[in-house]
Amino acid sequence: MSDAQFDAALDLLRRLNPTKLQENLNNLIELQPNLAQDLLSSVDVPLSIRKDPTDSNREYLCCDYNRDIDSFRSPWSNTYFPELSSEDSQDSPFPSTPLRQVEILANDSFDIYRDLYYEGGISSVYFWDLNEEEFDGHDFAGVVLFKKNQSDHSNWDSIHVFEVTASPSSSDTFNYRVTTTIILHLDKTNYDHDSQMMLSGNLTRQTEKDIGVDMSRPLEIISTSHVANLGSLIEDIESQMRNLLETVYFEKTRDIFHQTKNAAIASSAEETNKDAHAEVIKGLQSL
Amino acid sequence: MSSSKFKEVVNKIISDCPPGELREVYDDLIKITSENSKNTLLDAIESYNVQNCIPVDVDGTFIIISKYNKEGSKFFDPINSVIFSVDHLGHKGLDIEPYEFIHSKLEKQQLKDLHDKLHEYLLQNFPGDVSLAVYPVPEEISKISIIIVSTKYNPNNFWNGHWRSSYIYDLDTKELTGHISTQVHYYEDGNVSFQSGKDVSQPNVVDVVSTIRDIETSFESDLDLSFSDLNEKQFKALRRRLPVTRSKINWGNAIGGYRLGKNAAEGK
């Protein structure tokens, strides 16, 4: 595989019907199997849902970041389901013990966030270490996921992939980098009029922010600061993206549609005629 | 991969291409596969163009190609009296030759009168780049096919818009049937697609042009309502602009307070 092929594949996926993303992704991989790994790890598809049998079948979200072989790690029990053989799970990725503690805190916090903003839906947060050694309050990465389905006709997936790294210039400053993709699908079928309408797709934005963390405090407090910083950053990003989605979906596309078809130009032409007519009458009356 | 499987996959990808972006999709597919797949891609593009009634530039006039004006590998236009081959990738007419319209029921002037009346309607309702076709339906002498295409392509700003409405009018039964389809693609830092379609069927149509005008005007105003409806109902139900508390979240250790508050309110 070459970079040119990978770039061409990403360009194609940005052009083809976003509702058939998974299908197009599979077709591209069939055409060029070498692309499989890179495409699967860089293209965001709608999140799938699994149940954690050890936590009252509580639902969790699945993506490439919590996958190993064909199993997905649950954020609630830190276990892969379907369960892996003990041999396989020896090599499975898990966050280091101290980072898992932060992951638990993050899942708890974002679950409250989910409830306040989505009033339903599912959230899941997965962390992974960036250094060989155990997490000590410094660099780590992860993904924050939200999904909300409302009937079969509307679906929202938020995928925030982030990296937190110590700033090279100051030991108490961290760089938070977040790449956010929101996949939003809305459709409507009007059976009385034999008509359908669909607004569907995804938007991606990158955000970066430097935030200070007091590294002289105990690890537990440092961890709480990281989760709070991530939380308010993602809260801001989602608010901005929600506005952006609203503008693109409901104003931009509608405006472009009217640039192809617009009955108003006929009536505005009549208006202009009427105005011209009124001018003439006015002119005559003033004589 | 077998060549028939390869063809199938390429056809699927091409058929999914938004109007106005065929060239880019073709270039991408050549890069992903190889120059050797050129002929398979061009075949797929030809069927795409015919199926989607794509207008091609025939000596400065845009003529819609479709299954209704196909003759062998060529296409004809009864009103402009030309027959031509098509460069399907470049959307250009080639080997343009004169064509004489012969039909057992229809006169050329009849088609032209309808064409001119429709054209007048188009000018007042379609601000995009507009193409219009009025073709007899092969083998069915009482039927006329009408195709309207309006496009606004703006790749520099990462969007393309497309309208197509196509009808069959039966001169004997006076029935008008057809389909309207519209598509907008917005792909700046993402990939957003708006698509809408509607099946149309109307009996006892005497004035074809004013019937089409009425159908399309109400389709357009229904769409405006649907946009507002999807925004007000479905979109708003997915994620709130602000939490129920109407202020941003107090992150950190205090966040547990929201849950305590909620549990207390629910009497847990």
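Two strands are taken to pair if DSSP finds at least two bridges between them. In this predicted model, eight bridges join strand β7(B) to strand β8 (residues 143-154) of chain B, and the two run antiparallel. Within that pairing, B:Ser131 has B:Val149 in β8(B) as its bridge partner.

**The sheet shared by the two chains**

The pair just described belongs to an open sheet of ten strands with antiparallel pairing, whose order is β6(A)-β7(A)-β8(A)-β9(A)-β10(A)-β11(B)-β10(B)-β9(B)-β8(B)-β7(B). Its edge strands, each of which pairs on one side only, are β6 (122-129) of chain A and β7 (129-136) of chain B. Direction ignored, neighbouring strands of this sheet are turned against each other by 10° on average. Where the chains adjoin within the order, strand β10 (residues 195-212) of chain A pairs with strand β11 (residues 190-202) of chain B in the antiparallel sense, over nine bridges; there, the bridge partner of A:Met197 is B:Ser196 in β11(B).

Chain A also contributes to an open sheet of three strands, in the order β3-β4-β5, again with antiparallel pairing. The edge strands of that sheet are β3 (67-68) and β5 (80-81) of chain A, each pairing on one side only. Two bridges join β3(A) to strand β4 (residues 71-73) of chain A, and A:Arg67 stands opposite A:Phe72 in β4(A).

The strand pairs for which bridges are counted are listed below.

| Strand pair | Bridges | Sense |
|---|---|---|
| β7(B) and β8(B) | eight bridges | antiparallel |
| β10(A) and β11(B) | nine bridges | antiparallel |
| β3(A) and β4(A) | two bridges | antiparallel |

**Helices at the interface**

In the contact between the chains, 67 residues of chain B meet 68 residues of chain A. On the side of chain B that touches chain A, the largest share, twelve residues, comes from α5(B), and the residues of that side divide into 28 nonpolar, 22 polar and 17 charged.

Helix α5(B) takes part in contacts with both sheet strands and a helix. It lies across β7 (140-150), β8 (154-166), β9 (173-190) and β10 of chain A together with β9 (159-170), β10 (176-186) and β11 of chain B, running at about 135° to β9(A). Helix α6 (residues 219-260) of chain A packs with helix α5 (residues 208-238) of chain B at an angle of about 175°, the axes being 11 Å apart. Because angles over 145 degrees count as roughly antiparallel, α6(A) is roughly antiparallel to α5(B). The residues that meet in this packing are A:Glu246, A:Phe250, A:Arg254 and A:Phe257 from α6(A), and B:Leu223, B:Phe227, B:Asn231 and B:Phe235 from α5(B); by class, the contact has five nonpolar, one polar and two charged residues.

A further contact between the chains involves A:Ile112, which is placed in helix α5 (residues 97-118) of chain A. A:Ile112 is buried, because 20 other C-beta atoms lie within 10 Å. Not counting residues up to four places away in sequence, A:Ile112 touches B:Ile255, B:Tyr258 and B:Arg259. The C-alpha atoms of A:Ile112 and A:Ser154, 42 residues apart along the chain, are separated by 22 Å.

**Chain B as a whole**

Chain B has six helices and eleven strands. Its radius of gyration is 25 Å, whereas a compact globule of 268 residues would have one near 18 Å, and its C-alpha atoms fill a box of roughly 85 × 50 × 35 Å along the principal axes. Of the 268 residues in chain B, 37% are buried; among contacts in chain B with a separation of 6 or more, 47% are between residues 24 or more positions apart.

Key. Residues numbered from 1 in each chain as written. Chains lettered and ligands numbered in written order. Predicted model: local features only at pLDDT ≥ 70, side-chain atom pairs only at ≥ 80, totals over all residues. Axes fitted to C-alpha atoms, helices over the stretch in contact; angles between N-to-C directions. Helix = DSSP H or I, 4+ residues; strand = E, 2+ residues; numbered from the N terminus. Parallel < 35°, antiparallel > 145°, perpendicular 65-115°, else oblique. Contact = placed C-beta atoms within 7 Å. Nonpolar A, V, L, I, M, F, W, Y, C, P; charged D, E, K, R; others polar. Rg over C-alpha atoms; globule rule 2.2 N^0.38 Å. Buried ≥ 20, exposed ≤ 12 C-beta atoms within 10 Å, placed from the backbone.
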